[in-house]
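Here are a few exercises to help you find your way around a protein you haven't met before. Grab a viewer, try each task yourself, and then read the solution.

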Amino acid sequence: MNSYRPAADSGLHEACGVFAAYSSQQQDFNAASMAYYGLYALQHRGQEACGIAVASAGAIRCHKDSGLVSEVFNSRELAQYPPGNITVGHVRYGTTGSSERSNAQPIVVRHTRGAMALSHNGNLVNASELRQQLEMNGSIFHSSTDSEIIAHVINQEALHHDIEEAVSRAMPRLHGAYALAIMTESKLIAVRDAHGFRPLCYGRTAEGIYVVASESCALDAVGATFIRDLLPGEILIFDSKGVHTRREHCNSQPHRLCVFEFIYFARPDSIIEGSSVHEARLRAGAFLAQQHPVEADVVIGVPDSGIDAAIGYARASGIPFGNGLLKNKYIGRTFISPTQSDREDKVRIKLNPVPSTIRNKRVVMVDDSIVRGTTCARIVRLLREAGAKEVHMRVSAPPFLYPCFYGTDIDSSESLIAYQHTLEEIRQIIGADSLGYLSLENAQHLAQEIADKHADGGFCTACFSGDYPTATPLETSKIRFE
Ligand code: SF4
């Protein structure tokens with residue numbers, strides 16, 4: 001979904017997570033409660049807003065708001081939902097400010113052909129053209145998301161076709177990244193764009209409830225057994241006739257799963273397209289150790305997604321791994337908002353060094369990315385204040401040089417520290433004794449290792465390489481880290 005935000009901190013953020021469930025026997029179940037647990041497991045993919053829609057007795061009930069899943073939904077709120085046989089849910093990362101609430105999903109659209117609720121992960125590259133066309137034809141928008149554009153395009157097609165055909169006809173009009181869960185009063189439809197940028201998988205519980213989710217960790221959370229990932233371009237329909245697939249858009253584009261799902265976005269216990277996210281991060285750390293060795297006493301990781309790569313670095317280098325940074329996992333949005341003005345305090349509250357691991361040590365600190373550099377500089381400073389003798393920064397991804405148009409919040413090269421500065425300048429800005437990134441070549445080796453495990457693997461590496469799988473507005477590029 002669209003709506004990039006300004007540089008609030010230096011992290012890279014995924015835009016969304018999608019969850020859905022369908023009872024194959026047409027029997028109602030506690031759909032909202034299942035969606036709650038599924039979204040809870042996907043919270044790492046978006047913390048700004050969330051929502052759950054349930055279809056029950058031919059009507060759709062939806063509640064969504066800004067905040068974490070645990071903040072938006074309590075037991076009283078969940079009890080308002082009637083039992084239903086279909087649900088779709090969503091967690092979102094987006095802009096700060098007043099637009100958050102209106103951009104929350106699922107998007108519910110009611111029109112003459114029936115009601116529909118839609119959850120979307122990804123970003124369209126032709127959103128503004130489509131929106132213009134739709135507005136010229138009388139569509140009225142309630143949000144600034146391209147997810148709503150998708151809903152309108154499908155609705156337009158649904159005026160002349162049934163919902164399955166409408167989704168299929170909408171797909172060639174939608175350029176870019178989309179993993180969708182679409183619910184009508186009687187069907188659940190899961191869709192993955194033809195490049196397969198964003199992951200989407202499905203499974204089944206022992207009671208016969210089918211579950212669709214951005215990551216397999218959400219299937220685990222609701223007791224569903226993983227069946228398979230959706231194919232790029234696949235439309236998977238769950239209705240009273242069972243589960244059926246439409247594959248007319250499969251193989252129409254090269255497969256381009258976002259490599260950053262493995263490096264950063266996904267939870268380590270997820271399996272994406274047959275590969276363990278945890279294992280991929282260990283390998284990235286091992287490549288990094290070979291590429292940028294250093295004499296040091298301890299390897300630490302920046303929680304959460306830098307930890308696995310740090311373990312991989314430690315194993316490959318023989319330097320012991322230590323818990324050097326503790327993350328406060330209980331910071332919700334309500335706590336963060338009042339302290340926006342003091343980012344230094346925010347970092348201290350979110351991350352704390354463990355002095356016994358750090359003091360008088362030469363420390364290798366592994367993180368998965370440096371986007372804008374500000375948070376990284378603060379962490380290095382925290383480590384020095386905790387008594388680190390040396391801090392050697394290692395990054396388990398290549399430098400970000402190009403914006404992502406497919407569902408992350410990096411919207412321009414100008415906001416990227418690696419685009420603006422040389423390696424030595426970045427080292428000085430973050431205050432580290434040395435700095436080393438995973439090379440693009442090693443990232444490609446890593447991707448190849450992952451891809452070897454599934455038949456037609458292919459990855460998007462555009463934010464490192466500038467090699468975009470689709471047309472983009474980007475005309476200039478810059479490579480300075482060869
Ligand atoms: S540009 Fe980067 S973050 Fe975006 S989809 Fe491609 S690999 Fe992922």
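The exercises below go through a sheet, some salt bridges and the nonpolar cores of this model, which is a predicted one.

**Exercise 1. Work out the order of the strands in the six-stranded open sheet, and find its edges.**

Solution.
- Step 1: Walk across the sheet from one side to the other. The order is S5-S6-S7-S8-S12-S13, with antiparallel pairing.
- Step 2: Look for strands that pair on one side only. Those are S5 (107–111) and S13 (242–246), the edge strands.
- Step 3: Check how the sheet turns as you go. From one strand to the next, the twist averages 20°.

**Exercise 2. Follow strand S6 and say which strands it pairs with.**

Solution.
- Step 1: Start with S5. This strand and S6 (residues 114–121) are antiparallel partners over five bridges.
- Step 2: See how the chain gets from S5 to S6. The two make a hairpin, with two residues between them.
- Step 3: Pick out residue pairs between S5 and S6. Arginine 110 is opposite alanine 115, and valine 108 has alanine 117 as its bridge partner.
- Step 4: Now turn to S7. S6 and S7 also pair in the antiparallel sense, over five bridges. Here leucine 118 stands opposite isoleucine 182.

**Exercise 3. Decide whether the two faces of S6 are covered or open.**

Solution.
- Step 1: Recall a general rule: side chains in a regular strand alternate between the two faces of the sheet.
- Step 2: Sort the residues by side. Gly114, Met116, Leu118 and His120 are on one side, while Ala115, Ala117, Ser119 and Asn121 are on the other.
- Step 3: Check burial, where buried means under 20% relative accessible area. Both sets are buried, and both faces are covered.
- Step 4: Put this together. Eight of the eight residues of S6 are buried, so the strand is largely enclosed by the rest of the structure.

**Exercise 4. Find out which helix packs on the sheet at S5, S6 and S7, and study asparagine 155 in it.**

Solution.
- Step 1: The helix is H6 (residues 146–158), which touches S5, S6 and S7 (179–183). Its direction makes about 140° with that of S6.
- Step 2: Locate asparagine 155, which sits in H6.
- Step 3: List the contacts of asparagine 155. Leaving out residues up to four places away in sequence, it touches Val109, His111 and Met116.
- Step 4: Ask how accessible asparagine 155 is. Its relative accessible area is 9%, so it is buried.

**Exercise 5. Compare where the partners lie in three of the 20 salt bridges.**

Solution.
- Step 1: Keep the general idea in mind: side chains of opposite charge can pair when their charged atoms come close.
- Step 2: Take glutamate 135 and arginine 131, whose salt bridge spans 3.3 Å, N to O. Both residues are in helix H5 (residues 127–136), four residues apart, or about one turn of the helix. Glutamate 135 is partly exposed at 41% relative accessible area, and arginine 131 is partly exposed at 23%.
- Step 3: Take glutamate 424 and arginine 427, with their closest N and O atoms 2.8 Å apart. These two both lie in helix H17, three residues apart.
- Step 4: Take arginine 384 and aspartate 433, which meet at 2.9 Å, N to O. Arginine 384 is in helix H15 (residues 374–385) and aspartate 433 is in the loop between helix H17 (423–430) and strand S22 (434–437), so this pair ties together parts that are 49 residues apart in sequence.

**Exercise 6. Describe the largest nonpolar core and name its main supplier.**

Solution.
- Step 1: Get the size. This core has 40 residues.
- Step 2: Find the residues with the most contacts inside it: Phe260, Phe262, Val299, Val366, Phe459 and Phe464.
- Step 3: See which elements contribute. Among those supplying at least two residues each are helix H10 (277–291), helix H11 (307–317) and strand S20 (362–367). H10 gives the most, with six residues.
- Step 4: Zoom in on valine 299. Its contacts include Ala310, Tyr313, Phe321 and Val366.
- Step 5: Look for another core. A second, separate one has 37 residues, including Ile358, Leu383, Ala418 and Cys460.

How values were computed. Residues numbered from 1 in each chain as written. Predicted model: local features only at pLDDT ≥ 70, side-chain atom pairs only at ≥ 80, totals over all residues. Heavy atoms only, no water. Pairing = 2+ DSSP bridges. Axes fitted to C-alpha atoms, helices over the stretch in contact; angles between N-to-C directions. Contact = heavy atoms within 4.5 Å. Buried < 20%, exposed > 50% of the residue type's maximum accessible area, 1.4 Å probe, protein only. Salt bridge = Lys/Arg side-chain N within 4 Å of Asp/Glu carboxyl O. Core = buried A, V, L, I, M, F, W, Y, C linked by side-chain atoms within 4.5 Å.
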